[in-house]
Amino acid sequence: MGFASRGKAPLHSVGISAANVTKEARGRYAQMLCGSLTSPGNTFGLTNTQQLRLIPPPLIDWAVWANLDRYRDTELILLKGHLLLEVMLSESLRARLSRTETQIRKLSFREKLKALAPLTETDQALAKALKFLEQLNWLRNKLAHEPFPGIRTELATWSDQVLSVFATRKHQRYTPRTRITQAISALAKSVYESAHSAAQLKR
């Protein structure tokens, strides 16, 4: 709990990157992201939202990738990645539309996409991200409802398209598996940064 209890402000300063943050600190950020997916009684003594917001925006993609890189099964990566991306959608709803936790909990993944859709009229990056998120949600539902979904080729095509649109720091050599993990992390970064850059402008 030491990291959260030192009274330091989140490291959202210019120049923060995965390259210049210690391995120990990066591990804590990845752990915080894991905690934001669980119940509020976490090891850092913070709410899910507070944990997420302690992660510097430039490290969001790294934290997402670090969580997904533990898995070797493509279908599990899809399910876990879908969950992590839903965390980013929820954060966007809080930051940009001032939705409450109760309101957010009532929304499905698809309903969160629809709630954010009006923002795309003035936010092209978000518009592109939501399009890819809708496609990923379709693949996730296909996995959940079909006994033999055969999604590997479709997921590979999807990840290639995401990486062609969203620039991301390459965390490791590309393979079919790592292209998926890095595409998901690039999308997470785009949605999260969109939420907080817009929220800053409102202040």
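This is a short dialogue about reading a predicted model of a helical protein.

Q: Before we start, what kind of model is this, and how are its residues numbered?
A: It is a predicted model, in which local features need pLDDT of at least 70, side-chain atom pairs count only at pLDDT 80 or more, and totals for chains, interfaces and linings use all residues. Residues are numbered from 1 along each chain as its sequence is written, and side-chain values use heavy atoms, with hydrogens and water left out.

Q: How many helices and strands does the protein have?
A: Helices (H or I, at least four residues) and strands (E, at least two) are DSSP runs, numbered from the N terminus. Here there are nine helices and zero strands.

Q: What share of the residues is buried?
A: Buried means under 20% relative accessible area, exposed means over 50%, and partly exposed lies in between (1.4 Å probe, protein chains only). Of the 203 residues in this protein, 48% are buried.

Q: Which residues touch the most other members of the largest nonpolar core?
A: In soluble globular proteins, nonpolar side chains tend to be buried together. A nonpolar core is a set of buried Ala, Val, Leu, Ile, Met, Phe, Trp, Tyr and Cys residues joined through side-chain atoms within 4.5 Å. The largest one here has 43 residues, and Leu133, Trp158 and Leu187 touch the most other members. Among the elements giving it two or more residues are α4 (74–97), α7 (124–145) and α9 (176–202).

Q: What does Leu187 touch?
A: Contact means heavy atoms within 4.5 Å. Leaving aside residues up to four places away in sequence, Leu187 touches Leu85, Ala129, Phe132, Leu133, Trp158, Val162 and Phe166.

Q: Which residues of α8 are buried?
A: They are Leu155, Trp158, Ser159, Val162 and Leu163. Seen down the axis of α8, the buried residues fall within an arc of 130° (taken from the directions from the helix axis to the C-beta atoms), so they line one face of the helix. The face turned away from that buried side carries the exposed residues Thr153 and Ser164.

Q: And what do the buried residues of α6 pack against?
A: In α6, Phe109, Lys112, Leu113, Ala115 and Leu116 are buried. Those residues fall within an arc of 160° seen down the axis of α6, so they line one face of the helix. They pack against α4, α5 (101–105) and α7. On the face of α6 turned away from its buried side, you will find the exposed residues Arg110 and Lys114.
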